[in-house]
Amino acid sequence: MLFKIAWRNIWRNKTRSIVVIAAVAAGLFAGMFMMAFFGGVVKQEVETAVQTQLAHIQIHHPLFPEDKGLDYAIPNGMVLLQQLQTNPVYKGVSGRVITTGMISSAADAAGVEIQGIDPETEQSVSNVFSFIKEGAYFTADKKNEIVVGQKLADKLRLILHGKVVLTVLDRDGNLTAGSFRIAGIFRSNYSTFDASTVFIRREESAALLHTGDQIHEIALLLKNGDQSDQQARQLAKQYPGLLVQSWKVLSPEMAMLSSMFDQIMYIIIGIILLALMFGIINTMLMAVLERQREFGVMMAIGMNKARIFLMIVLETVLLTCAGIPLGILFTITAVEYSHRYGIDLSGFSKGLSQYGIGNLIYPELQTNMLLPIIAMTAITALLASLYPAKIALKYKPATAIHKM
Amino acid sequence: MSNVIETIHLTKVYNPETIPVYAVNDVSLQIAEGEFTALVGPSGSGKTTLLNLIGGLDNPTEGTIRISGVDITTISENKLIDFRLQHIGFVFQSYNLIPVLTAAENVELVMLLQQKTKKERELRTKELLEEVGLADKMHCRPSELSGGQQQRVAVARALASKPRFILADEPTANLDSKSAENLLEIMERLNKEEQVTFIFSTHDPRVIEKGKRVITLVDGKIVSDTQS
């Protein structure tokens with residue numbers, strides 16, 4: 001009966017109740033859609049970092065990360081590379097020669113990281129090839145080709161098939177230079193990467209740097225990206241003389257962003273629910289004040305305080321929870337639509353590309369967060385009911401009955 | 001007949017520390033089982049306050065109230081609510097039915113609070129609404145009933161818990177003469193046939209003349225107590 005009274009009481013003032021239900025639905029929609037939106041942003045940032053730059057795991061000589069010296073090649077790197085390439089856990093394995101140098105055009109010069117790669121195997125760990133806007137990701141029959149980023153091309157005023165000179169210190173410490181022709185220009189989601197990284201073939205880098213068949217980095221892309229830490233630990237055990245790092249170690253800020261995302265979202269939803277709580281308190285307080293006489297009568301005929309308290313709590317929880325399915329429904333519809341077509345933020349592309357975010361954001365709703373959000377809303381309703389219930393319990397039947 | 005209600009030197013003072021107003025002033029009375037008592041007097045004479053005190057809805061400043069031998073001035077608020085549920089029925093001037101419940105649900109609510117079984121509740125609700133002539137209005141909400149009909153539902157609700165007595169505060173004040181007459185007939189019949197004790201306040205002469213015992217209050221004091 002208490003449930004019946006509570007439910008019917010909600011609909012005594014339809015407009016007022018609908019406003020509260022709509023506010024709860026709108027609040028939840030705002031919170032959950034924002035969560036889905038930023039979830040999409042974070043996912044894109046991580047994907048850019050992993051698929052364009054880092055891969056899931058990298059293997060180096062233990063001293064290589066400190067100064068990136070050419071002497072710190074992976075011992076027996078090519079043998080190890082071939083071993084890893086046969087392991088079915090990996091989607092792709094690529095060996096890289098890495099150094100820094102100067103790239104010069106007729107117009108300007110810039111410092112860059114030069115990656116000597118095998119274009120075929122590199123495509124299995126990095127999606128840079130998919131970002132080619134002009135030209136190609138190397139051509140089979142041509143030598144001394146270089147692939148550069150759009151931002152670098154703009155800065156040095158490079159054109160497709162134009163020539164550039166790479167100046168580096170070779171393994172013996174001698175300044176050496178090589179001439180390369182622009183095979184392709186890429187534009188990834190990460191403008192800093194585009195401005196600072198160039199790709200040449202591994203054998204040509206070896207010739208330029210006198211490094212033979214040495215490699216400095218092995219990048220591994222896993223079939224199951226969630227196992228990156230576990231797999232890195234396993235490799236580290238297997239190869240104790242090498243430095244094995246997962247992308248979370250290589251880019252701790254990205255890992256932190258990813259792991260903190262849930263907490264940040266819960267805080268934001270908590271703030272939204274806190275604001276909603278005051279609206280709910282206000283509505284319930286009005287309801288309790290309006291029904292003073294009714295509470296007086298209930299007490300007079302024998303309804304004890306515990307039951308009256310429970311009735312108000314039930315009424316508040318039912319009123320609030322009526323907004324939950326609506327909020328979830330709106331969110332799922334909006335997220336489904338925007339996930340399919342993307343949210344176009346090309347107006348902010350310059351700023352976004354500095355963080356590895358593309359022009360189109362694809363929101364993603366994390367369904368595992370729905371239950372905690374429903375629980376948080378129910379707790380909010382419970383808390384919101386306490387003050388109005390306390391007010392109702394203070395009524396004295398003799399005076400309350402005679403209130404108009 | 002044994003006394004169901006006994007008040008001893010009952011006093012209720014409002015604003016005791018500023019300008020004291022004696023709403024009830026040293027009232028001692030006994031009401032026996034089966035009585036049909038009218039509490040009369042002009043507005044402000046203390047009728048409602050006395051009924052509230054007897055019903056345990058308000059606390060006296062001084063004095064004792066014994067209901068079936070139990071001193072209700074000494075029991076805790078929660079126990080008093082339960083005591084009211086088991087022993088006292090109320091009929092209010094403004095009907096005061098729960099607007100979101102139907103006539104039947106209003107009557108049933110009291111029995112539900114008493115934790116009666118569903119079968120028992122349904123049977124008694126039907127009986128009571130038939131008794132007050134509203135069997136056909138069981139599923140109507142108060143807003144769908146006339147004032148007289150609402151007050152009859154209120155009487156049925158007051159009877160639902162099988163109380164020792166019913167306190168009715170100006171039960172006919174908001175009713176037209178025909179509805180008032182009809183309600184009084186029901187109350188008289190219940191008193192005569194089922195020995196239900198009624199104490200009702202009124203200042204309507206037509207109602208006063210129905211009272212078998214008439215207690216007159218002026219300025220919170222009993223000035224006359226007559227039996228017919």
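Start by selecting chain B. A compact globule of 228 residues would have a radius of gyration near 17 Å, and chain B agrees with that, at 17 Å. Keep in mind during the tour that this is a predicted model.

**Chain B as a whole**

Turn on the cartoon for chain B: the chain holds seven helices and ten strands. Along the principal axes, the C-alpha atoms of chain B fill a box of roughly 50 × 40 × 40 Å. Colour chain B by burial next; 49% of its 228 residues are buried. If you draw a contact map of chain B and keep the contacts with a separation of 6 or more, 71% of them join residues 24 or more positions apart.

**Helix H1 of chain B**

Select residues 47-54 of chain B, which form helix H1. How many of the residues of this helix are buried? Eight of its eight are, so the helix counts as mostly covered. Show the side chains to see which ones these are: B:Lys47, B:Thr48, B:Thr49, B:Leu50, B:Leu51, B:Asn52, B:Leu53 and B:Ile54. Then move on to B:Gly56, which follows H1(B) and has a positive phi, near 70°.

**Where chain B touches chain A**

Show both chains and select the residues in contact between them: 18 residues of chain B meet 18 residues of chain A. On the chain B side, helix H2 (77-87) and helix H3 (103-113) each supply at least two residues. Which element gives the largest share of that side? It is H2(B), with five residues. Colour the chain B side by class and you will find twelve nonpolar, three polar and three charged residues.

**Two helices of chain A**

Hide chain B and select residues 2-10 and 305-321 of chain A, which are helices H1 and H13. Two packed helices are described by the angle between their axes and the distance between the axes. Here the axes come within 9 Å and cross at roughly 50°. Angles from 35 to 65 degrees are neither roughly parallel nor roughly perpendicular, and that makes H1(A) oblique to H13(A). The crossing of this pair is right-handed.

Now show the side chains where the two helices meet. From H1(A), select A:Leu2, A:Phe3, A:Ile5, A:Ala6, A:Trp7, A:Asn9 and A:Ile10. Their counterparts in H13(A) are A:Arg307, A:Leu310, A:Met311, A:Leu314, A:Glu315, A:Leu318 and A:Leu319. Coloured by class, this contact shows eleven nonpolar, one polar and two charged residues.

Methods: Residues numbered from 1 in each chain as written. Chains lettered and ligands numbered in written order. Predicted model: local features only at pLDDT ≥ 70, side-chain atom pairs only at ≥ 80, totals over all residues. Axes fitted to C-alpha atoms, helices over the stretch in contact; angles between N-to-C directions. Helix = DSSP H or I, 4+ residues; strand = E, 2+ residues; numbered from the N terminus. Parallel < 35°, antiparallel > 145°, perpendicular 65-115°, else oblique. Left-handed = near helix turned anticlockwise from the far one by under 90°. Contact = placed C-beta atoms within 7 Å. Nonpolar A, V, L, I, M, F, W, Y, C, P; charged D, E, K, R; others polar. Rg over C-alpha atoms; globule rule 2.2 N^0.38 Å. Buried ≥ 20, exposed ≤ 12 C-beta atoms within 10 Å, placed from the backbone.
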